[in-house]
Each structure stands twice: as C-alpha cells, then as structure tokens.
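Colleague: I am new to this structure. Please take me through its interior, meaning the cores and the cavities.

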Amino acid sequence: MAVEMTDELTPEGLRGCLQGLVDYAAARGLVPWGDRVWSYNATLEALGATGPGPDESWVLAEEPADDAEREALAELDLEATLAALADVAAANGRVEDTAGGRDRVSMQVMGTLMPRPSETAARFFSLLSEGRAKDATDWFYGVCCDAGYVRRAAIARNVQWSSPTRWGDLEITINLSKPEKDPRDIAAAGAAKATGEKYPACQLCIENEGYPGRGAAMAGGEHPARQNLRIIPIELDGERWGLQYSPYAYFNEHSIAMSSHHRPMHIDEKALRCLLDFVDLLPHYFIGSNADLPIVGGSILSHDHFQGGAHEFPMMRAEVAGTFAMDAFPGVEGAVLAWPLSVLRLRSASRDELLAAAVHVIDAWRAWTDESVGVVALDEDGTRHNTVTPVVRRVDAEGNVGGDRYEAYLALRCNVTSEEHPLGVFHPHAEYHHIKKENIGLIEVMGLAILPPRLVSELGAVRAHLLEGVSAGADAAAVRAALDADPLCASHAAWAEDVYERRRDELTEDGAERILRDEVGEVFGHVLEDAGVFKWDEAGVAARDRFVASL
C-alpha cells in the first residue's frame, strides 16, 4: 500500500513542496497558470501518491500580474525540492531507493512540468522565423535549465580556472557535475543479465526524448531518464538532426546536434556541409566535431553528432604563426595558428569555396605520411590513421562571432601507436597521466581541459605535503618521500617534487593553490603539445611547412 509521506517530509511539507514546484514551473513559463492543479496531480501520480491535496487558496489563486511576485515564485532550490520528492517516491516503492531510481522520478516530475516537444519546437521556430536566432536559443536554453535537464546546480560544483601558458590562457575544469555511481546500482548491474532490447541504441539517439529510463537491474541495462529532454528538429545537409543542450555542460550553452540515424562518426564533405548549415541556422554559435577515429576521437564514436555553443575558446584567440594560400582557392585565407596542436584556420566570404578548400585539406591530410615526425597515414592492411577535428563558425572582418564570413579550424590528428606510446604517439604521454590520461577530444583541442574528479582530493593532499615541507624546512628529497608514501599523492610525486624545487619560496597558505593550478595548466599545455602532429621544434616546423606547401 502506498504511503503519502516519509519521516523527513510531513503531509504539510509535501503539500508545500508540490505547490512551490508547480508555482515555480508556472512562473518560469514552463506550464500555463491554468494548468497548475493538473500539474499538481500529475506530480502526485509520479510519486506514487494520492494526496495530500493542495490548499484551496492555492487552487483559486490568480496569476500574478506583478513582476516582483512572479519573480518570487520563480525562485526555488530545484535540486533540493526534487530530492525531497524523490524520497517520497522511493518510500512509496515508485522507484528503487538508489541514485538512479531517484533521478528517474525527478526527471519524470519535471517532464510533466514543461511544454511538450511540439510546443517547444513551435516556439523556437517562431522566434527563428522572425530573424531572432539568439532569442530562440536563449529561450530554449532557459527552458532546459528551468526544467532541470541542464543541471545548473551540479555544473556549479565544477572547479574551474584559467592558467597562463606560452599558448595563452588555457581553461581548466575539474568535472564534479556528473554524479558518482551508486554502489547499489553497480551491484545491480553486475547481477543483471544482458537481455532485452537495447533501446534507445545510445544516449544520443533522438528517441531518448521522453524516455522513462531504466535501472541497472532492468533488461537492457541502465539508461538515464529523459522525460524532461526536449530536442529541436533541425535540418542539416537535407537530413533531420536534433538540437539539444548537454545536461552536464562544460561551457556556455553547450549544445549537441545529433543525427536522427544511429550511425558512426565520419569526417568528410557531408559532415562539413552539416557544420556550415548549422552556423547558417544559428550564426552566433560555433559548431565542431570530434575526430572520427579511436584515440584522437571523442568518447562516443558510434553516433554521428556535433557539439557547439556560445563560447569563445582559447584556440579561437590564438595568434597566427604564419599564413598561406592555395592556388585552387584564391578566396580562402589560410593561417597556421600558434597553438600546441597543429591547427590550420581557413577563412572566406564564400561558403562554397571554404567548403571545397576544407575538403581538399582533409583529403590531403588523410593521405599524408611523414615518417620523419612519426606520421603514418595508412598501415599495410589499409587501416587509416589520419583525420581532423573540425570547428566552424561565422565571423565578421574583425573576427567577432556572428558575421558574414566563414571560418574553419582544422586540427590535424593521427592515431598511430608505438611500443613507447601504446596509448597513442599523439596522445598524452605517460609522464602526464597523473593529470590527464583520457583522449584529447574536441573541447580539449580548443583549449578547455576536462579533468577527472580525483584531482580535487589528490591536489589537496599534494598541497598539504608541499606546505608541510616548507614549514619544516625540508629538502626536496624528504618531500618526495612523503609524497611517495601517500596513496593520494604517489602518482604526482615526481611532478610535485619538481614544483617544490622550483617554487618553494612562493609556496604559502595563500599562494599554494594558485601555484598548483598554474602548474596543472602547464601540464595541460604539454598534453596538447603531445597531441600535436607537428611539434614546434625545427624538425616539426619543417614537416608542417612541407604539408602546407603541398596544399
């Protein structure tokens, strides 16, 4: 038999939570004011409850005419409110009492408190048809945030800073937004049998819109709930794609464009036409794609998709190291960027000419071998190793986003391996794995590091040991011994010892964290250098010049 409360939430408290949540949704324009009672009852159903009922005064309340009153209703700790309601649902047996179960019911609740997909798309395209592309994305992004799909509270927990390097200021994020796995979900997944239909095929399929999600023990395995996901149907290169926002955004208005077909990533002329169509639709956004090969690609190569948004990355502010022209494309300006990866930037007022030039560069690079710098295009069995990470945006004559000129960044990538570097020759080398071991994908190519959560505790422990060493007047060897003996610090010991030797005089209670953050930024710069196919030494520059001259 279902219960209507938990020990933590009295009936009166549950009533207040429900009324506050529905008022929040109405004040933010997610549901009409006249749908409040329906929304209250729909939320009760999602919790597996049949009461308590709302206050009569709340039921009969008039829609606020005063902006201040509406703004007051719109203020709500959404995360805390949903957590309290999820407790009720778990107590009622509506979902399993795990992090995954609680998240599923929270998303179901918010899915009832927002516009339907068709209504969302209609409003978006209404604004777009009026020539208000930025207003359209502002509105859509606001809906996704207000409905809890974009996890603003979780994203705010990320640790972020900027570090000066020889490549300019690099952006660093320690990702704390994605929740850790609940041990009960892990155990359930381990005990589950791999049965049932795999639906949706992946988390990027457009069929995720409205999907109720699955627990780890369910047929098909764990899959997140997506009732509050809204996808705008857009057309790229004559095909249907979907536009959504990332729930755990890494940058401003982090958006995803997904093919309606579950097919592998591919970088070719068709992909570039899609990128160009996207910036024609939303000229205030950039758009880019992960490379389409393992090691140098992103984490999801099985579904064709792009990432974009309203952020200017460090790569886009990079200085020009040299310029070049291509005889076949006189209307295209070529530039080599002063950037740790090997990036060619093409600019043109002609979309068609820029597209043709970019395809030419990609085709030339796919076939390019220069063993003097370790670049091998093809193995004897035909396995290919070269590809690019492309980024496209529109700019004006001064390079400001949103103009009538097209700009394409082509980061040259190669995924060869060797005995010395089995994870990839142009991949973070082992000496930097204590900070970054994962693939260098689109976001990091552009100068934003996504670092693992473990670094918060590990760098905190390193800081403590360094300050203890300074306080005790210890030499570097003694500090190294302490670092090696601490499981949190052992992987960082050689690096931290070097920091101690070089910057001992700067290591103070107030300055130590800044120093470590700057040193992490330096490591990220080296990681990007490792990913560059043409190094900035004499041999690398000569090899790069040979490739550019071939164009």
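Modeller: What follows goes through the cores, then the cavities. Keep in mind that this is a predicted model.

Start with the largest nonpolar core. It has 65 residues. Phe 278, Met 326, Leu 346, Trp 365 and Phe 534 touch the most other members. Helix α12, residues 351–366, gives the most to this core, with 8 residues. Apart from this core lies another, of 57 residues. Its members include Phe 286, Ile 443, Leu 451 and Leu 507.

Now look at Phe 278. Leave aside its neighbours within four places in sequence. Phe 278 is then in contact with Ile 234, Leu 236, Leu 243, Ser 255, Ala 257, Tyr 285, Phe 286 and Ile 287. Phe 286, one of these contacts, is a member of the 57-residue core.

Next, the cavities. A search of the whole structure finds 2 of 30 Å³ or more. The largest holds about 70 Å³ of space. Phe 534 appears again here, in the lining, among others with Trp 536, Val 336 and Arg 544. Strand β10 (343–348) and helix α18 (538–550) each supply at least two lining residues. Helix α18 gives the most, with 3. By class, this lining has 8 nonpolar, 2 polar and 2 charged residues.

The second largest cavity holds about 40 Å³. Ile 206, Glu 209, Ile 231, Pro 233, Arg 240, Trp 241 and Gly 242 line it. Strand β4, residues 239–245, brings the largest share, 3 residues. The lining of this cavity divides into 4 nonpolar, 1 polar and 2 charged residues.

Methods
Residues are numbered from 1 along each chain as its sequence is written. This is a predicted model: local features need pLDDT of at least 70, side-chain atom pairs count only at pLDDT 80 or more; totals for chains, interfaces and linings use all residues. Side-chain values use heavy atoms; hydrogens and water are left out. A nonpolar core is a set of buried Ala, Val, Leu, Ile, Met, Phe, Trp, Tyr and Cys residues joined through side-chain atoms within 4.5 Å. Buried means under 20% relative accessible area, exposed over 50%, partly exposed in between (1.4 Å probe, protein chains only). Helices (H or I, at least four residues) and strands (E, at least two) are DSSP runs, numbered from the N terminus. Contact means heavy atoms within 4.5 Å. On a 1 Å grid over the protein atoms alone, a cavity is a set of points where a 1.4 Å probe fits but cannot get out, and a pocket is an open set with protein on both sides within 12 Å along at least five of seven lines; lining residues have an atom within 4 Å of a point. Grid points are joined across faces, edges and corners, and a volume is the space filled by probe spheres set on the points. Ala, Val, Leu, Ile, Met, Phe, Trp, Tyr, Cys and Pro count as nonpolar, Asp, Glu, Lys and Arg as charged, and the others, Gly among them, as polar.
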